[in-house]
Amino acid sequence: MTSSDDGAERPWNQQRLRSSNERLLLERLRAAPASRAQLARATGLSKPTVSSALAALEAAGLVREAGHHIPDRGRAAVLYSPDPSAGYALGIDIGRAWLRVVLADLDGTVVARGDVRNRARTSAAMADLVVATAHRVVAESAVPAAKLAHAVVGTPGVYDAAARRVRYALHLPGWGRAGLFDRMREELGVPLAVHNDANLAALGEYSFGVGAGSRLFVYVMIGTGLGMGIVADGSPFTGANGAAGEIGFLPWPGREPGTLEDTVSADAVVRAARALGMTGTLTAKSVFDAARSGAPAAVAAVRQEGERLAHTVAAVAAVLDPDLVVLGGGVGHSADLLLTTVHDTLRRLTPLRPRVVASALGEDAVVLGAVATALDTARDVVFAQRG
């Protein structure tokens with residue numbers, strides 16, 4: 001290598017090294033506040049290097065002083081932590097009945113949210129509702145729009161990035177139209193990624209709920225439809241084409257063959273209750289409420305739902321061998337009435353019996369999973385833009 005080549009390459013190497021050191025310290029500080037000396041010991045970097053990197057991060061607004069460490073001997077040392085207000089992430093959950101939008105800082109603390117009924121009758125109206133609600137949430141938070149680094153949308157179905165459209169969103173008519181999310185990105189004015197709602201719910205439970213620490217767990221979303229999210233070693237497993245977990249399409253070999261979604265969903269609970277003699281205007285919620293009151297037909301319908309859920313869990317256990325199965329979605333919110341039947345039926349069906357529990361996040365699982373996913377990118381964006 002010539003001296004001119006060496007001279008041309010050295011500044012780039014130095015810049016890359018400084019960036020690497022700054023990233024290393026920032027990630028270390030996300031675990032807990034630390035002093036310069038503590039950071040030097042934890043990372044193996046020299047104290048001058050730590051001081052220089054911290055000064056650069058502080059000047060960029062990415063870290064701030066967070067108190068003092070007072071040792072048994074010697075002087076007090078300044079503690080540093082990441083500045084959560086350096087950037088913000090937006091999580092959006094588009095459901096058939098509700099739209100939920102959450103704004104969070106880089107620590108994942110929710111600073112604002114909006115929950116509105118989804119009364120949109122067309123895909124265009126739904127896109128308008130998403131954009132308007134997101135703008136309102138950001139405006140009411142007083143967070144500068146320029147600090148919004150990334151947004152993630154959770155939606156039923158599978159997003160096809162090449163075609164720029166959602167597939168298999170059977171319960172949201174017109175939602176598969178190409179260009180809808182391009183339009184939302186443009187009108188929101190922020191980078192936006194689209195993910196399956198069950199996958200995000202699983203990530204929400206992993207980040208904020210009962211899935212923390214699990215090696216491999218699945219989130220079964222039972223509501224208007226039926227879906228499943230899979231998290232392995234902290235990362236979502238989506239399959240070759242993004243459709244892993246679309247268990248609603250599995251065949252159900254009953255007396256009236258159909259799909260698993262036809263058999264294990266909110267509509268299935270209502271159909272079972274009617275077949276067992278319940279009358280009037282029924283919803284899955286009203287059937288579960290009646291079961292809590294001891295109405296025999298409702299109790300029988302809920303028991304049938306629990307038995308069929310157990311078949312679903314048995315199939316999932318045989319294929320994936322999860323250590324945990326989380327029940328969520330609209331029907332999953334009543335998991336307390338289902339779990340005994342699920343456990344009893346599993347004992348009869350299979351020797352493979354993972355732990356089955358109710359969601360800890362309830363209706364917020366998807367939107368918090370969207371926030372967690374958006375934060376991963378938002379932190380990278382804010383760091384990359386620090387100069």
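**A first walk through the model**

Hi everyone, let's begin with one residue: Leu170 has a relative accessibility of 59%, so it counts as exposed. Please keep in mind that what you see is a predicted model.

Where does Leu170 sit? You'll find Leu170 in the loop that runs between β8 (165-167) and α5 (180-188). Leu170 also has company: together with Tyr168 and Phe249, Leu170 forms a nonpolar patch on the surface, and the three have about 330 Å² of accessible area together.

Now let's step back to the whole protein. There are 13 helices and 16 strands. The C-alpha atoms fill a box of roughly 85 × 50 × 45 Å along the principal axes. The chain has 387 residues, and 47% of them count as buried.

Next, a pair of helices. Helix α8, residues 266-275, packs with helix α9, residues 284-292, at an angle of about 55 degrees, and their axes are 8 Å apart. That angle is why we call α8 oblique to α9. As for handedness, α8 and α9 make a left-handed crossing.

On to charges. Side chains of opposite charge can pair when their charged atoms come close. How many salt bridges does the structure hold? The count is 18, and I'd like to show you three of them.

Arg386 pairs with Glu22, with 2.8 Å between the closest N and O atoms. This salt bridge links distant parts of the chain: Arg386 is in the segment after α13 (365-384), while Glu22 is in helix α1 (residues 3-31), 364 residues apart. Is Glu22 buried or exposed? Glu22 has 9% relative accessibility, under the 20% cut-off, so it is buried. Arg386, at 26%, counts as partly exposed.

Helix α1 also holds a local pair. Arg30 and Glu27 both lie there, 3 residues apart, which is about one turn of the helix. Their salt bridge has its closest N and O atoms 3.7 Å apart. Arg30, at 24% relative accessibility, is partly exposed, and Glu27, at 41%, is partly exposed too.

My last example is Glu363 with Arg100, a salt bridge of 3.1 Å from N to O. Glu363 is in the loop between β16 (355-358) and α13, and Arg100 is in strand β4 (residues 98-105), with 263 residues separating the two. Arg100 is buried at 8% relative accessibility, whereas Glu363 is partly exposed at 46%. Both belong to one network, in which salt bridges with shared partners join Asp93, Arg100, Arg113, Asp115, Glu363 and Asp364.

Thanks for listening!

Notes:
Residues are numbered from 1 along each chain as its sequence is written. This is a predicted model: local features need pLDDT of at least 70, side-chain atom pairs count only at pLDDT 80 or more; totals for chains, interfaces and linings use all residues. Side-chain values use heavy atoms; hydrogens and water are left out. Patches are made of residues with over 30% relative accessible area and no salt bridge: like charges are joined within 9 Å, nonpolar side chains (Val, Leu, Ile, Met, Phe, Trp, Tyr) within 5 Å. Accessible areas come from the Shrake-Rupley method with a 1.4 Å probe; for residues, only the protein chains shown count as cover. A salt bridge is a side-chain nitrogen of Lys or Arg within 4 Å of a carboxyl oxygen of Asp or Glu. Helices (H or I, at least four residues) and strands (E, at least two) are DSSP runs, numbered from the N terminus. Buried means under 20% relative accessible area, exposed over 50%, partly exposed in between (1.4 Å probe, protein chains only). Axes are lines fitted to C-alpha atoms, for helices over the stretch in contact, and angles run from 0 to 180 degrees between N-to-C directions. Angles under 35 degrees count as roughly parallel, over 145 as roughly antiparallel, 65 to 115 as roughly perpendicular and the rest as oblique. A crossing is left-handed if the near helix is turned anticlockwise from the far one by less than a right angle, and right-handed if clockwise.
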